[in-house]
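Subject: Structure handover

Hello,

Here is the structure we talked about. Please open it next to this email. My notes on what was found follow below.

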Amino acid sequence: MAVRAAGEAREEGWRFLLRALGHRNYRLFFVGQSVSLVGTWLTRVATSWLVYRLSGSALLLGVVGFCGQIPAFVLSPVAGVLVDRWNRHRLLVVTQVLSMLQSFALAVLALTGVIAVWHVAVLSMVQGLINSFDVPGRQAFVVEMIEDRADLPNAIALNSSMFNAARLLGPSVAGGLIAWVGEGGCFLIDGFSYLAVIASLVAMRITWKEREGANGRIVEELKEGFVYAFHFPPIRAMLALLAVVSLMGMPYTVLMPVMASNVLKGGPSTLGFLMAASGMGALVGAGYLASRRSVRGFGRVIVLTASLFGAGLIAFGVSRSVVLSLVTMVVTGAGMMVTTGACNTLLQTIVEERMRGRVMSFYAMAFMGTAPFGSLLAGTLADRFGAPATIVVGGVVCLLAAAWFHVKLPALRERVRPIYERLGILPEVATGMREGARRMEPAED
């Protein structure tokens with residue numbers, strides 16, 4: 001009996017961790033995106049290695065990173081307005097097809113041997129333009145795939161798990177594939193991987209409802225979104241924290257080829273292992289998010305994991321051992337994942353539905369849009385002071401940002417509490433709502 005009970009408890013635990021997969025549309029998306037993301041990470045690793053192989057310059061690594069990410073900073077706010085107007089399902093089909101064509105273009109240039117750094121920079125900018133619409137569209141579309149809003153936090157956590165499982169598998173495979181089929185082969189595999197997510201989107205059954213008030217002027221709706229997001233302290237504080245972490249912390253990925261090659265004296269496989277270690281830590285962090293039953297307490301979690309991210313970067317910057325660097329990458333990946341995932345979940349929980357696309361575009365702008373400036377800054381600083389010192393400075397700034405958020409936390413809780421009460425997230429409020437509903441039910445004869 002005890003064994004059976006333990007087995008049932010484990011089965012129930014797994015069902016709870018994967019409960020968002022009970023929704024058909026989300027399950028299709030999860031499977032298709034899981035395949036596509038592995039290809040995406042193949043391209044990311046192959047691109048960084050290709051640029052460094054062709055140029056030997058940390059500065060050009062930063063420049064290419066800047067080209068790929070700057071469109072998100074410029075276009076994401078406008079894209080958010082359009083995401084609130086357009087059919088998000090059709091939008092994602094279009095962005096995935098365009099991304100597939102971009103990967104095939106990279107593959108053709110690389111396999112024919114004519115590719116140069118400027119080709120990579122231009123095509124990275126094209127992908128950045130696509131991502132400006134794809135990222136807020138994908139984030140906002142999650143709600144349409146999940147019929148039960150209570151499963152939304154789990155869906156967001158599973159999205160993160162999917163992303164980081166691919167991040168774990170993709171880079172570790174990329175190191176061997178670059179040596180075997182070259183960077184062009186990796187780009188080609190990535191192009192074909194998009195067919196999986198396109199097929200999953202086409203197979204979905206989505207009923208699109210045109211949103212009320214979606215015919216106003218874009219400038220007015222954009223202004224409304226800015227006023228809503230940046231005049232509500234909890235949203236403003238999370239976006240500010242994400243922006244600082246992305247600006248100063250995330251560029252460590254751009255400098256990874258320098259650390260793997262010059263500091264740790266390795267090759268493509270070392271680069272792949274470092275990125276895979278970061279992905280492993282992120283996957284553990286995503287598993288933690290999926291196991292949580294409520295968003296309560298996420299403020300403290302954000303402070304702790306943002307601090308963990310900063311400390312991991314400092315340790316990585318001073319390490320000269322491959323083994324120690326792998327350990328620090330696990331810590332860094334976990335801290336980054338939980339910080340960004342918890343912020344995403346909280347934003348999706350407290351935002352008004354009519355503002356969802358715009359707020360998620362600000363999330364994309366804070367998380368991805370500031371990254372190009374960070375990439376450019378990191379490349380410049382690394383060219384002058386070295387990659388290790390640049391990464392350490394980024395870690396220190398992330399620690400200071402976590403301390404600032406900790407000071408703000410008590411006031412932010414007071415502003416979020418009424419929303420939690422309305423949604424029934426607070427246990428005592430939810431219990432009171434259930435009791436009230438039972439009293440209103442007509443008595444049976």
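Start with α9. Its buried residues are M256, P257, V258, M259, A260 and V263. That is six of the eight residues of α9, so this helix is largely enclosed by the rest of the structure. What do these buried residues pack against? They meet α2 (24-55), α3, α10, α11 (298-318), α12 and α15 (387-423). Keep in mind throughout that this is a predicted model.

Just past α9 comes K265, with a positive phi near 60°. K265 is not a glycine. Most residues other than glycine have a negative phi. K265 belongs to the loop between α9 (256-263) and α10 (268-291). Is K265 buried or exposed? K265 has a relative accessible area of 67%. The cut-off for exposed is over 50%, so K265 counts as exposed.

The overall picture

The protein chain has 16 helices and zero strands. Its length is 445 residues, and 54% of them count as buried. The accessible surface is about 19500 Å². Carbon and sulfur atoms hold 66% of that surface. Now take the contacts in the chain with a separation of 6 or more. Of these, 87% are between residues 24 or more positions apart.

The core

In soluble globular proteins, nonpolar side chains tend to be buried together. Here the largest nonpolar core has 116 residues. Y26 and F405 have the most contacts inside this core. Which helix gives the most to it? That is α6 (residues 152-203), with 16 residues.

F405 deserves a look on screen. Set aside the neighbours within four places in sequence, and F405 is in contact with A237, M238, L241, G299, I302, V303 and L412.

Two helix pairs

Two packed helices are described by the angle between their axes and the distance between the axes. Two pairs are described here.

The first pair is α3 and α7. Helix α3 covers residues 58-85, and helix α7 covers residues 218-230. Their axes come within 9 Å and cross at roughly 105°. An angle of 65 to 115 degrees counts as roughly perpendicular, so α3 and α7 are roughly perpendicular to each other. On the α3 side, the residues are P77, V78, V81, L82 and R85. On the α7 side, they are I218, E221, L222 and F226. By class, this contact has seven nonpolar, no polar and two charged residues.

The second pair is α11 and α15. Their axes come within 7 Å, and the crossing angle is roughly 170°. Angles over 145 degrees count as roughly antiparallel, so α11 and α15 are roughly antiparallel to each other. By class, their contact has 18 nonpolar, seven polar and two charged residues.

Single residues to check

Three buried positions follow. The cut-off for buried is under 20% relative accessible area. The contacts given for them leave aside neighbours within four places in sequence.

- G80 lies in helix α3. At 0% relative accessibility, G80 counts as buried. G80 is in contact with G357, R358 and S361. The C-alpha atoms of G80 and Y363 are 10.0 Å apart, while the two residues are 283 residues apart in sequence.
- T345 sits in helix α12 (residues 322-350). T345 has a relative accessible area of 3%, so T345 is buried. The contacts of T345 are P153, I156, V295 and F298. T345 and F298 are 47 residues apart along the chain, and their C-alpha atoms are separated by 9.0 Å.
- Q127 is part of helix α5 (residues 117-145). Q127 counts as buried, at 13% relative accessibility. Q127 is in contact with S99 and Q102.

That is the handover.

Best wishes

Methods:
Residues numbered from 1 in each chain as written. Predicted model: local features only at pLDDT ≥ 70, side-chain atom pairs only at ≥ 80, totals over all residues. Heavy atoms only, no water. Helix = DSSP H or I, 4+ residues; strand = E, 2+ residues; numbered from the N terminus. Buried < 20%, exposed > 50% of the residue type's maximum accessible area, 1.4 Å probe, protein only. Contact = heavy atoms within 4.5 Å. Areas by Shrake-Rupley, 256 points an atom, 1.4 Å probe, with all protein chains shown as cover. Axes fitted to C-alpha atoms, helices over the stretch in contact; angles between N-to-C directions. Parallel < 35°, antiparallel > 145°, perpendicular 65-115°, else oblique. Nonpolar A, V, L, I, M, F, W, Y, C, P; charged D, E, K, R; others polar. Core = buried A, V, L, I, M, F, W, Y, C linked by side-chain atoms within 4.5 Å.
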